[in-house]
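I opened a fresh page for this one and would like you to look along with me. Here is the structure, followed by my notes in the order I looked things up.

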Amino acid sequence: MTVGVLALQGSFNEHIAALRRLGVQGIEIRKAEQLLTVSSLIIPGGESTTMAKLAEYHNLFPALREFVKTGKPVWGTCAGLIFLADRAVGQKEGGQELVGGLDCTVHRNFFGSQIQSFEADISVPILTSKEGGPETYRGVFIRAPAVLDVGPDVEVLAHYPVPSNKVLYSSSTVQIQEEDALLETNVIVAVKQRNLLATAFHPELTADTRWHSYFMKMAKEMEQGASSSSGGTIVSVGETSVGTEQTKPDIPIYQ
Ligand SMILES: NC(=O)CC[C@H](N)C(=O)O
């Protein structure tokens, strides 16, 4: 099974390295025809407006939409989540084209600008039930988006409880727990809808490969279910253990 990684801009190299640690080959995708050679796709984080302009320039949107529509597994991280969303707010003037398919609304810069980037342990019960390991996951949020509302077919995989006074944008559909001074908004940061997975944070920037492994299992299950198209075999490209070359980004902790 080969995984395409959209390689127009952003953290595609880091995704390919994370896949390599699982023994899976990631292929850089820059042209529409390259999408025909892969059975699943990761859309990395970066800057969604720039990525959209590049995708437009290379006439990639029709092929990306087709890929999503045919039910092949696609995982969007951060800017990739914005790409997959059916609806986005907080976009730059003039907006930006989206691939769509994921029935949700995202706020493009929900958590603020670069200097408001942060790391936080988020509770990931569904991930842990599939992948084992700790009950929390270290989320790296860089100019991160968040999901404001989801449609009925979307499963919420993780929330991040944000003190309500720090929420820069509120929507009536974001769940708010009101208890005296302890006002917390449960912001949605990871979702799944059939073949689509999306995370507001950057698992490719941590040494914890559970989200990549989760996506690979999801892709495998879908491929088995689809019965027809077998995109090849898992290509082992070397080490399977967590690499030591991983550098942790030096970014402020959100509090
Ligand atoms: N780290 C990221 O991918 C940030 C995404 C950014 N908020 C955007 O609009 O593209």
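I began with the shell around the ligand, keeping in mind that this is a predicted model. I sorted the residues of that shell and got 5 nonpolar, 4 polar and 3 charged. Then I wrote down who they are: Gly-45, Gly-46, Glu-47, Ser-48, Cys-78, Ala-79, Ile-82, Arg-108, Asn-109, Ile-142, Arg-143 and Pro-145.

Cys-78 from that list caught my eye, and I checked its backbone. Its phi is positive, near 55°, and the residue is not a glycine. I made a note in the margin that most residues other than glycine have a negative phi. Where does Cys-78 sit? I found it in the loop between β4 (74-77) and α4 (79-84).

Is Cys-78 buried or exposed? I found 29 C-beta neighbours inside 10 Å, and 20 are enough to count, so Cys-78 is buried.

I looked for a second positive phi and came to Asn-59, with a value near 50°. Asn-59 also lies in a loop, this time between α2 (48-57) and α3 (61-69). Its surroundings gave me 10 other C-beta atoms within 10 Å; the limit for exposed is 12 or fewer, so Asn-59 is exposed.

Since Asn-59 follows α2, I went back to look at that helix. Its buried residues are Ser-48, Met-51, Ala-52 and Ala-55. They lie on the same side of α2, because they cover an arc of only 100° around the axis. I asked what these buried residues pack against, and found α3 and α4. Ser-48 was already in my notes, as one of the residues around the ligand.

Next I turned to the largest nonpolar core, which has 70 residues. Those with the most contacts inside it are Leu-84, Ala-85, Val-106, Ala-144, Ala-146, Val-189 and Ala-200. I picked Ala-144 and listed what it touches, leaving out residues up to four places away in sequence: Cys-78, Phe-110, Phe-111, Ala-200 and Phe-201. I was pleased to meet Cys-78 again here, after finding it around the ligand.

Last, I stepped back to the whole protein. I counted 6 helices and 13 strands. Of the 255 residues, 43% are buried. For contacts with a separation of 6 or more, I noted that 73% join residues 24 or more positions apart.

Methods. Residues are numbered from 1 along each chain as its sequence is written. This is a predicted model: local features need pLDDT of at least 70, side-chain atom pairs count only at pLDDT 80 or more; totals for chains, interfaces and linings use all residues. Helices (H or I, at least four residues) and strands (E, at least two) are DSSP runs, numbered from the N terminus. A nonpolar core is a set of buried Ala, Val, Leu, Ile, Met, Phe, Trp, Tyr and Cys residues joined through C-beta atoms within 7 Å. Two residues are in contact if their C-beta atoms, placed from the backbone, lie within 7 Å. A residue is near a molecule or strand if its C-beta atom, placed from the backbone, lies within 6 Å of it. Ala, Val, Leu, Ile, Met, Phe, Trp, Tyr, Cys and Pro count as nonpolar, Asp, Glu, Lys and Arg as charged, and the others, Gly among them, as polar. The arc is that of the directions from the helix axis to the C-beta atoms.
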